[in-house]
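Welcome, and please have your viewer ready with a cartoon display and a selection box. We will go from strands to helices, one selection at a time.

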Amino acid sequence: MTPPSTSPDERSPHGLPADDQAPYDLVGVGIGPFNLSLAALCSGVPDLRVLFLDARSRFSWHPGLLLEGTVLQVPFLADLVTMVDPTSPWSYLNYLRHHDRMFPFFFSERFHIPRREYDHYCRWAAERLPSCRFDAEVTSLEWDETARAFAVTHRSADGTLSRVRARQVVLGVGTAPVVPGPLRPLLTETHAGRVLHSADYLAHRAGLATARDVTVIGAGQSGAEVVLDLLRHRDDADGSGEGGPYVRWLARTPAFAPMEYSKIGLEHFTPDYVRYFRGLGEAERERLVREQWQLYKGVSQETLGDIHDELYERTVGGAASPAALHPGVEVVAASAEGDGYLLTCRHRQQGTVFEVRTSAVVAATGYTASRPAFLEPLADLVDWDDRGRYQVDGEYRVALDPRVSGSLYVQNAETHTHGVGAPDLTLGAWRAATILNAAVGRTVFDVPSQVAWTTFGAPDARDGERAWSAGSPGGVLGSTATGSPR
């Protein structure tokens, strides 16, 4: 086992280093897959003092969508460490070995693993990494000019406040559910379980299965999985196949489209594309993120196929369809009506306005990065862009006031500067290693910047003489071909 990455030095009664001790080299706020990846990579670095804090009692990854039969949309190699360090003890394969599941996994011939097992794998790692501390809600992040370090205040489950200092901080607080504006007034206790975000679906699944009809909003993977789950788990005590809610699926996108999963298309999730994207102007980056929705908001072909098969089976013998699919539709108004809800919708291509009455609404409308409240004491020292977002460099370092000598990094809050790969697990270990290298000021892990066969951007004329002669990914162009910063 790798040595602990936190030293067993003097501790306060709360189990954390006392305020007068030397700062940690690095403190991570939030323990999701991305900061957990960083914690795992840090664990093998001698003499590096790190600490990762999370408000929850234990690791949990999208618990509201851990449905039976759902799988990751990336291969198992996109675990916490393998894409950077395949020999790490924190790999998914080592997790299987520890649980005597190597032979079952081998015979299952899986490349995409169950989502529930990925959650269990991450929890296995989090519970064994000594740098990970749960029941530690960060309440304040400040810059201590005297100590020339960040002051991180956190609160335990019993309300006890503690403070640690850190030379560098990595924000991995995840993203927050997004709910369309017309539905937000209905997110109250009065409508709990009947108007909700898909992040809370599993907690209300039983109640939704007994509703007269359920409207699911959102054309991504989460929306498709909720639709399929409602169709498969209908209230059907007599075995007739006629129980359960009528399921209505609405989406703003012009189609219920499959996620881009071609081998070349997936090269948008490489360091090469990140580097290219960073070199573009802001307006062009904004346009690309909107247009590339199928790279990260599409639905797996398998799930779309399963929905079609379910509807085909349900309509054998002329039975009425238990669902309706409406792409190109946006909800423009919503209100409570009787024991249900009235949704005013508009077809985006036709301009037609129509009304939908439904018993319940599940908004599978995604997530977005948001500014955590604990950052407010530091907010005036952050160089925000004109939309209030972090300005992030090539090493995922946030631009700060020159008075701050420490570094602040972010994970999964930089789609606007680094492209659609920001929330994707494929680049998780690579990004964590990039941050680790920057934090320690040396190359701990090799993070190649050129791995794709695709050349993003125009060729560099200086490389024309060796065109088509190179045998490495990216072919002829070298790492400067895109013209973007290294």
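In what order do the three strands of the open sheet with antiparallel pairing lie? Select β4, β5 and β6: the order is β4-β5-β6. Keep in mind throughout that you are looking at a predicted model. Colour β4 (136-144) and β6 (161-166) next; these stand at the edges with a single partner strand each, so one side of each has no neighbour in the sheet. Now look along the sheet: on average, neighbouring strands are turned by 25 degrees against each other, direction ignored.

Zoom in on β5, residues 149-156. Six bridges tie β5 to β6, and the two run antiparallel. To see one pair, show Val152, which has Val164 of β6 opposite it.

For the next stop, select an open sheet of five strands with parallel pairing, in the order β3-β2-β1-β7-β18. Here β3 (132-133) and β18 (407-410) are the edge strands; each has a single partner, so one side of each is left without a neighbour in the sheet. Inside this sheet, pick β1 (residues 26-29) and β2 (residues 50-53), which run parallel and are joined by four bridges. Val27 and Leu51 in β2 stand opposite each other. Then add helix α1, residues 33-42: α1 lies across β1, β2, β3 and β7 (168-171), and runs at about 155 degrees to β2.

Move on to β11, residues 246-250. Is this strand mostly covered or mostly open? Mostly covered: four of the five residues in β11 are buried. Show its partners too. β10 (residues 213-217) pairs with β11 in the parallel sense over five bridges, with Thr215 opposite Arg248 of β11. β12 (residues 323-326) also runs parallel to β11, joined by four bridges; there, Leu325 is the bridge partner of Trp249.

Our last stop is a helix pair. Two packed helices are described by the angle between their axes and the distance between those axes. Select α6 (residues 221-232) and α10 (residues 301-314): their axes come within 10 Å and cross at roughly 25 degrees. An angle under 35 degrees counts as roughly parallel, and α6 and α10 are therefore roughly parallel to each other. Their crossing is left-handed.

Turn on side chains to see which residues meet. From α6, the contact includes Ala224, Val227, Leu228 and Leu231; from α10, it includes Ile307, Glu310, Leu311 and Arg314. By class, the contact of α6 with α10 has six nonpolar, two polar and five charged residues.

Conventions
Residues numbered from 1 in each chain as written. Predicted model: local features only at pLDDT ≥ 70, side-chain atom pairs only at ≥ 80, totals over all residues. Heavy atoms only, no water. Pairing = 2+ DSSP bridges. Axes fitted to C-alpha atoms, helices over the stretch in contact; angles between N-to-C directions. Buried < 20%, exposed > 50% of the residue type's maximum accessible area, 1.4 Å probe, protein only. Contact = heavy atoms within 4.5 Å. Parallel < 35°, antiparallel > 145°, perpendicular 65-115°, else oblique. Left-handed = near helix turned anticlockwise from the far one by under 90°. Nonpolar A, V, L, I, M, F, W, Y, C, P; charged D, E, K, R; others polar.
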